[in-house]
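Below is a walk through one protein model, starting at its ligand and moving outward to the backbone details.

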Amino acid sequence: MANQFLVLSNPVSISRSSSIYVKGKEQWLGCCASKTKPMHPWLSNGCRARASLNAVEIPRQWYNLIADLPVKPPPPLHPKTLQPIKPEDLSPLFPDELIKQEASNDRFIDIPDEVLEIYKLWRPTPLIRAKRLEKILDTPARIYYKYEGISPAGSHKPNTAVPQVYYNAKQGVKNVVTETGAGQWGSSLAFACSLFDIDCEVWQVRASYDQKPYRRLMMQTWGAKVHPSPSNITEAGRKILEADPSSPGSLGIAISEAVEVAATNADTKYCLGSVLNHVLLHQTVIGEECIKQMESIGETPDLIIGCIGGGSNFAGLTFPFIREKLKGKINPVIRAVEPAACPSITKGLYAYDYGDTAGMTPLMKMHTLGHNFIPDPIHAGGLRYHGMAPLISHVYELGFMEAISIPQTECFQSAIRFARSEGLIAAPEPTHAIAATIREALQCKESGDAKVILMAMCGHGHFDLTSYETYLQGNLVDLSFSEESIRESLAKIPLVVA
Ligand SMILES: *Cc1c(COP(=O)(O)O)cnc(C)c1O
């Protein structure tokens with residue numbers, strides 16, 4: 001199994017060979033003529049052996065960008081005292097090891113062997129050259145994508161679900177609770193819990209609970225209990241339902257519910273699928289692998305593109321590249337893409353705000369649309385978060401990355417082109433990255449610039465086909481983003497001078 005993935009994990013070396021040895025199979029064989037052993041039937045030439053030789057190993061350490069930043073990010077504040085939070089403030093919610101990682105200044109943190117063993121189920125993930133997409137766009141750009149959809153849950157989220165559950169299990173925790181937007185995080189956590197025999201309870205945002213029954217069934221298959229959010233089970237949920245019985249929910253509300261349950265039950269801890277430093281840290285396996293994969297084929301990205309909700313898949317791919325950029329080794333443009341209907345970086349304030357709707361979390365300095373903001377129920381449920389990872393917000397303020405927003409119809413249009421050239425059906429979230437990549441590739445066509453574009457393809461959309469149905473039937477619309485509702489919600493951000 002692991003071997004099979006190792007071989008699959010480096011198709012890049014195959015495509016590169018094919019671009020050098022352009023004239024057909026004889027020359028293909030030439031690229032590894034010295035190793036003409038009998039080959040696997042689906043690749044009937046020696047290049048398969050070459051591919052496996054070039055396959056990278058899973059990194060043994062996560063990378064912490066904070067260690068290399070010229071200015072440290074502003075600390076999270078206690079919501080009552082407005083003083084920087086202390087580790088013990090977080091211990092009702094998280095196990096000690098994750099609290100340590102959250103505040104760590106160490107450059108590298110070892111990945112425990114038990115976690116590495118589980119990563120081997122799907123890592124290293126493939127880096128793929130999008131040759132067929134390049135061809136239909138008629139672009140001189142070379143487009144690569146790092147594909148995280150081969151994990152059991154179908155996205156990058158298990159990269160952090162597994163270590164989070166591992167550290168909880170190691171500390172003897174028996175139950176974890178969480179929220180989920182599109183259902184990707186809930187299913188990843190449910191999967192990880194099933195491996196460590198921990199009970200898992202998930203509050204799923206109402207809009208996606210109704211749109212995506214199969215994500216709920218995945219969670220239940222892995223043994224988790226799932227509630228639509230807002231629910232009647234928590235104080236936070238009941239308050240929202242009183243005000244609006246048909247509330248579509250939001251990540252902020254679902255976080256309030258899960259945090260409330262963890263804070264009021266001694267045997268229960270909380271897990272978060274994005275936003276926090278330790279989550280971004282765990283995701284850096286993506287970028288570390290990708291750096292080696294690109295090196296092994298002699299490519300350097302000019303532009304790295306990823307979609308951004310809370311920021312974890314984007315940080316996971318880009319932070320190791322930002323390290324190399326800070327060292328002066330490479331100089332890629334780093335571009336985050338958010339939905340036009342929930343544009344926290346491009347339209348939000350950079351201010352201290354709560355991570356949840358009820359105001360139970362620490363105050364974090366981040367780009368925010370206001371913790372009361374309930375985004376329209378766009379199809380990319382994983383991008384419907386009012387805030388942004390504080391670390392990404394800080395990196396953005398330091399000028400190491402840029403951000404744009406794209407409306408969902410352009411995203412789905414682009415995803416269809418991607419599906420019909422590269423074959424993969426993207427989750428609604430990475431359709432934003434695909435749209436931005438296609439925009440750039442078409443600009444390259446105009447300018448004749450042969451840029452190397454690296455894209456984060458963070459998950460497949462096999463359980464999001466109702467969104468595709470809406471698009472294919474011509475019913476997908478761009479939800480206008482209301483300046484007024486954002487102004488209203490921004491007016492309710494707590495006033496913290498910092
Ligand atoms: C959760 C999710 C996202 C959004 O979260 P980030 O932390 O911004 O990565 C994006 N894509 C997929 C496939 C997801 O599951």
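**The ligand and its surroundings**

In this predicted model, 21 residues surround the ligand, and those that come nearest are Q184, S274, G309, E429 and G459. By class, the shell around the ligand consists of nine nonpolar, 10 polar and two charged residues. Two helices, α10 (184–196) and α16 (312–326), each supply at least two residues of this shell. Of the elements that contribute, α16 gives the most, with three residues.

Where does the ligand shell lie with respect to domain 2 and domain 3? Domain 2 covers 88–109 + 156–270, and domain 3 covers 113–154 + 281–490. Both give residues to the shell around the ligand, so it lies between them.

**The fold as a whole**

The protein has 22 helices and 14 strands. Of its 498 residues, 55% are buried. Among contacts between residues at least 6 apart in sequence, 74% join residues at least 24 apart.

**A helix pair**

Helix α19 (residues 408–422) packs against helix α20 (residues 431–447) at an angle of about 80°, and their axes are 8 Å apart. Angles of 65 to 115 degrees count as roughly perpendicular, and α19 is therefore roughly perpendicular to α20. On the α19 side the contact is made by E410, C411, F412, S414, A415, R417 and F418, and on the α20 side by T431, H432, I434, A435 and I438. The residues of this contact divide into seven nonpolar, three polar and two charged.

**Backbone details in the loops**

Two cis peptide bonds can be located next. One joins R123 and P124, with omega about -5°; P124 is in the loop between α7 (113–119) and β3 (127–129). Another joins S229 and P230, with omega about 5°; P230 lies in the loop between β7 (225–229) and α13 (235–243).

Positive phi values in residues other than glycine also deserve a look. L82 is not a glycine, yet its phi is positive, about 60°. The residue sits in the loop between β1 (61–63) and α5 (87–90). L82 counts as partly exposed because it has 13 C-beta neighbours inside 10 Å.

D138, also a residue other than glycine, has a positive phi near 55°. Its place is in the loop between α8 (131–137) and β4 (142–147). Is D138 buried or exposed? With 9 other C-beta atoms within 10 Å, D138 is exposed, since the cut-off for that class is 12 or fewer.

Definitions and conventions. Residues numbered from 1 in each chain as written. Predicted model: local features only at pLDDT ≥ 70, side-chain atom pairs only at ≥ 80, totals over all residues. Axes fitted to C-alpha atoms, helices over the stretch in contact; angles between N-to-C directions. Helix = DSSP H or I, 4+ residues; strand = E, 2+ residues; numbered from the N terminus. Parallel < 35°, antiparallel > 145°, perpendicular 65-115°, else oblique. Contact = placed C-beta atoms within 7 Å. Nonpolar A, V, L, I, M, F, W, Y, C, P; charged D, E, K, R; others polar. Near = placed C-beta within 6 Å. Domains from an automatic or database assignment. Buried ≥ 20, exposed ≤ 12 C-beta atoms within 10 Å, placed from the backbone.
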